[in-house]
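Welcome! Here are some short exercises, each with a worked solution to follow at your own pace. Keep the picture open as you read.

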Amino acid sequence: AKHYKLKYTVIRPANVYGPRMPNKGLYGFLNRWIAYALQDKPIPIWGTGGQVRDFTYVEDIAKAYPMVMNNPKTFGKPYLLCTGRGVTLLGLAQTIFEKVGKTPKIEYFPPKAGDIQRFIGNYGKAKFELGWTPTTDLSCGLDLTIDFVKNNMDRYKEVNLF
C-alpha cells in the first residue's frame with residue numbers, strides 16, 4: 001500500500017454461512033451438513049465436537065462492505081465481522097438435525113492437527129467505527145440456509161446420497 005499508494009481496508013469475516021455456499025472446500029461445510037441431515041445421514045465431526053465457533057450470516061457480512069468502501073476513515077484498518085456468540089460444532093449439528101426433523105447421527109473422526117478449539121470474535125470496532133452489527137441470529141440464519149439447501153439439493157450433488 002505504501003509503495004503503490006493503494007488505499008485498503010481488511011475485512012475479516014468469521015465463519016460465514018448461508019444460501020449459495022459451495023459444495024466443496026472448507027467453507028461450505030455447514031450446507032453439506034444440512035444436505036447430510038436432510039438425507040438422514042451422519043454429519044462428520046473431527047474431534048469431540050466441543051470446538052466452539054462464531055458463525056456469521058452471509059447477508060450480515062455483505063452489509064458491511066459498502067460501509068467500509070464508502071468510508072475513507074477505514075483505510076488501512078482491519079475489521080472483524082462476527083456475532084460475538086459461539087456454538088459448539090456438536091451443538092450446531094444437533095440443531096440442524098432438530099430443525100430438519102431427523103434423529104441426530106454423528107460420525108466422529110480423529111481431530112485435525114492444529115484445529116482451533118475456540119473462536120468467538122468481537123465486532124466492537126466494526127460497531128463503533130462503521131455502525132455495523134450482525135442482525136441475523138444463528139437460528140434464523142439456519143432456517144434460511146436449510147430452506148435453500150432443501151430447494152437446491154442438485155447443487156449439492158456430490159453430497160447427495162439418495
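Helices and strands here are DSSP runs numbered from the N terminus, a helix having at least four residues and a strand at least two. Please keep in mind that this is a predicted model.

**Exercise 1. Find Lys5 and describe its setting and its backbone.**

Solution. Step one: go to the segment before strand S1 (10–13), where Lys5 has its place. Step two: look at the backbone, where phi of Lys5 is near 60°, a positive value in a residue other than glycine. Step three: judge the surface. Exposed means over 50% relative accessible area. Lys5 has 70% relative accessibility, so Lys5 counts as exposed.

**Exercise 2. Carry out the same steps for Asn15.**

Solution. Begin in the loop between S1 and strand S2 (16–17), which holds Asn15. Phi of Asn15 is near 40°, again a positive value in a residue other than glycine. With a relative accessible area of 28%, Asn15 is partly exposed.

**Exercise 3. Work out which elements build the largest nonpolar core.**

Solution. Start with the core itself: it has 25 residues, and those with the most contacts inside it are Leu30, Trp33, Ile43, Leu92, Ile96 and Val149. Next, list the elements that give two or more residues to this core: helix H1 (29–38), strand S3 (43–46), helix H3 (89–100) and helix H5 (138–151). H1 supplies the largest share, seven residues. Now zoom in on Val149: leaving aside neighbours within four places in sequence, Val149 is in contact with Asn31, Ile34, Ala35, Leu38 and Tyr156. To finish, look for a second, separate core of twelve residues, which includes Leu80, Tyr123, Ala126 and Leu130.

**Exercise 4. How are the rings of Tyr17 and Phe55 arranged?**

Solution. The structure holds six aromatic pairs. Tyr17 and Phe55 form one that is edge-to-face, with 6.4 Å centre to centre and 80° between the planes. Trace the chain: Tyr17 is in strand S2, while Phe55 is in the loop between strand S4 (52–53) and strand S5 (56–57), 38 residues apart. Both Tyr17 and Phe55 are buried. Then widen the view, as ring pairs link Tyr17, Phe29, Trp33, Phe55 and Tyr57 into a cluster.

**Exercise 5. Which residue lies over the face of Trp46?**

Solution. Look above the ring and you will find Lys112, at 4.4 Å from the ring centre. For another case, turn to Tyr79: Lys125 lies over its face, at 5.2 Å from the ring centre.

**Exercise 6. Follow salt bridges between distant parts of the chain.**

Solution. The count comes to four salt bridges. Take Asp115 and Arg53, whose side chains meet at 2.7 Å, N to O. Asp115 is in the loop between strand S8 (106–109) and helix H4 (124–130), and Arg53 is in strand S4, 62 residues apart. Asp115 is partly exposed at 25%, whereas Arg53 counts as buried at 11% relative accessibility.

Next comes Lys99, which forms a salt bridge with Asp143, the closest N and O atoms being 2.8 Å apart. Lys99 lies in helix H3 and Asp143 in helix H5, so this pair ties together parts that are 44 residues apart in sequence. Lys99, with a relative accessible area of 28%, is partly exposed, and Asp143 counts as partly exposed at 35% relative accessibility.

How values were computed. Residues are numbered from 1 along each chain as its sequence is written. Side-chain values use heavy atoms; hydrogens and water are left out. A nonpolar core is a set of buried Ala, Val, Leu, Ile, Met, Phe, Trp, Tyr and Cys residues joined through side-chain atoms within 4.5 Å. Buried means under 20% relative accessible area, exposed over 50%, partly exposed in between (1.4 Å probe, protein chains only). Contact means heavy atoms within 4.5 Å. Rings of Phe, Tyr and Trp (its six-membered ring) pair if their centres lie within 6.5 Å; planes under 30 degrees apart count as stacked, over 60 as edge-to-face and the rest as tilted. A charge sits over a ring if NZ of Lys or CZ of Arg is within 6 Å of the ring centre and within 35 degrees of the ring normal.
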